[in-house]
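Got the viewer open and a selection box ready? Let's click our way through this one, stop by stop.

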Amino acid sequence: MNIDSPTCVVPPVIDVRLIPPAQRHGLIFQRFESLPIGAWFELHADHEPLPLKQQFQSLWPGQFDWEVLEAGPTLWRLRIGRRPAAQSCCGCCSGAR
């Protein structure tokens, strides 16, 4: 297989296990804000990042996708994507559909 093939896309990954705790959320927020609409990154953590999800819901209600790829117990893998503005909502349902 040709490694330059479009089917061989390596997802961008932020492994917060390697980042000092005080810098984690800021780095994640910067990455999200720099994403083009429809793009995503994968987040790796050693715990369920519920406070982070709550911050996303507060800052970008209805403007992100949050998909759990692996749910612990030692590794949590999530895919966080940026939704098109047309799919945004008021946030009153926390982005649930």
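Start by selecting G72, in the hairpin of strand 3 and strand 4: 4 residues sit between the two strands, and G72 takes a positive phi near 65 degrees. Keep in mind as you zoom in that this is a predicted model. Now add P73 to the selection, which lies in the loop between strand 3 and strand 4. Check omega for the peptide bond from G72 to P73: the bond is cis, with a value near 10 degrees.

Next, light up both arms of that hairpin. Strand 3 covers residues 64-71, and strand 4 covers residues 76-82. They run antiparallel, joined by 7 bridges. For one rung of this ladder, pick F64 and look across to strand 4, where its bridge partner is R82.

Stay with R82 for a moment and bring in I37. Where does I37 sit? You'll find I37 in the loop between helix 1 and strand 2. Setting aside neighbours within four places in sequence, I37 is in contact with R82, R83 and P84. Draw a distance from I37 to F64, too: the pair is 27 residues apart in sequence, and the C-alpha atoms are 9.5 Å apart in space.

From I37, move on to strand 2, residues 40-45. Is this strand enclosed or open? Here 5 of its 6 residues are buried, so strand 2 is largely enclosed by the rest of the structure. Try colouring its partners. Strand 4 runs antiparallel to strand 2, with 6 bridges between them; select E42 and you'll see R79 of strand 4 standing opposite. Strand 1, residues 13-15, pairs with strand 2 in the parallel sense over 3 bridges. For that pairing, select I14 and look at L43 in strand 2, which stands opposite. While you have side chains on display, remember that in a regular strand they alternate between the two faces of the sheet.

How do you get from strand 1 to strand 2? Through helix 1, residues 21-34: the three elements make a right-handed β-α-β unit. Run a quick length check on the helix. At 1.5 Å a residue, its 14 residues should span 20 Å, and the end C-alpha atoms are 21 Å apart, which agrees.

Now show the side chains of helix 1. Which of them are buried? They are R24, I28, F29 and F32. Look down the helix axis and these buried residues fall within an arc of 115 degrees, so they line one face of the helix. As a reminder, an α-helix has 3.6 residues a turn, so residues three or four places apart point the same way. Flip to the other side of helix 1 and you meet A22, Q30, E33 and S34, which are exposed. What do the buried residues pack against? Select strand 1, strand 2, helix 2 (50-59), strand 3 and strand 4 to see their packing partners.

Finally, zoom out. The protein has 2 helices and 4 strands, and along the sequence they follow the pattern β-α-β-α-β-β. Of its 97 residues, 31% count as buried. Switch on the contact map: among contacts with a separation of 6 or more, 60% come from residues 24 or more positions apart. With the surface on, the accessible area is about 6200 Å², and 55% of that belongs to carbon and sulfur atoms.

Terms used: Residues are numbered from 1 along each chain as its sequence is written. This is a predicted model: local features need pLDDT of at least 70, side-chain atom pairs count only at pLDDT 80 or more; totals for chains, interfaces and linings use all residues. Side-chain values use heavy atoms; hydrogens and water are left out. Buried means under 20% relative accessible area, exposed over 50%, partly exposed in between (1.4 Å probe, protein chains only). Two strands pair if DSSP finds at least two bridges between them. A crossover is right-handed if, with the strands pointing away from the viewer, the path from the first strand over the helix to the second runs clockwise. The expected span of a helix is 1.5 Å times one less than its number of residues. The arc is that of the directions from the helix axis to the C-beta atoms. Contact means heavy atoms within 4.5 Å. Accessible areas come from the Shrake-Rupley method with a 1.4 Å probe; for residues, only the protein chains shown count as cover.
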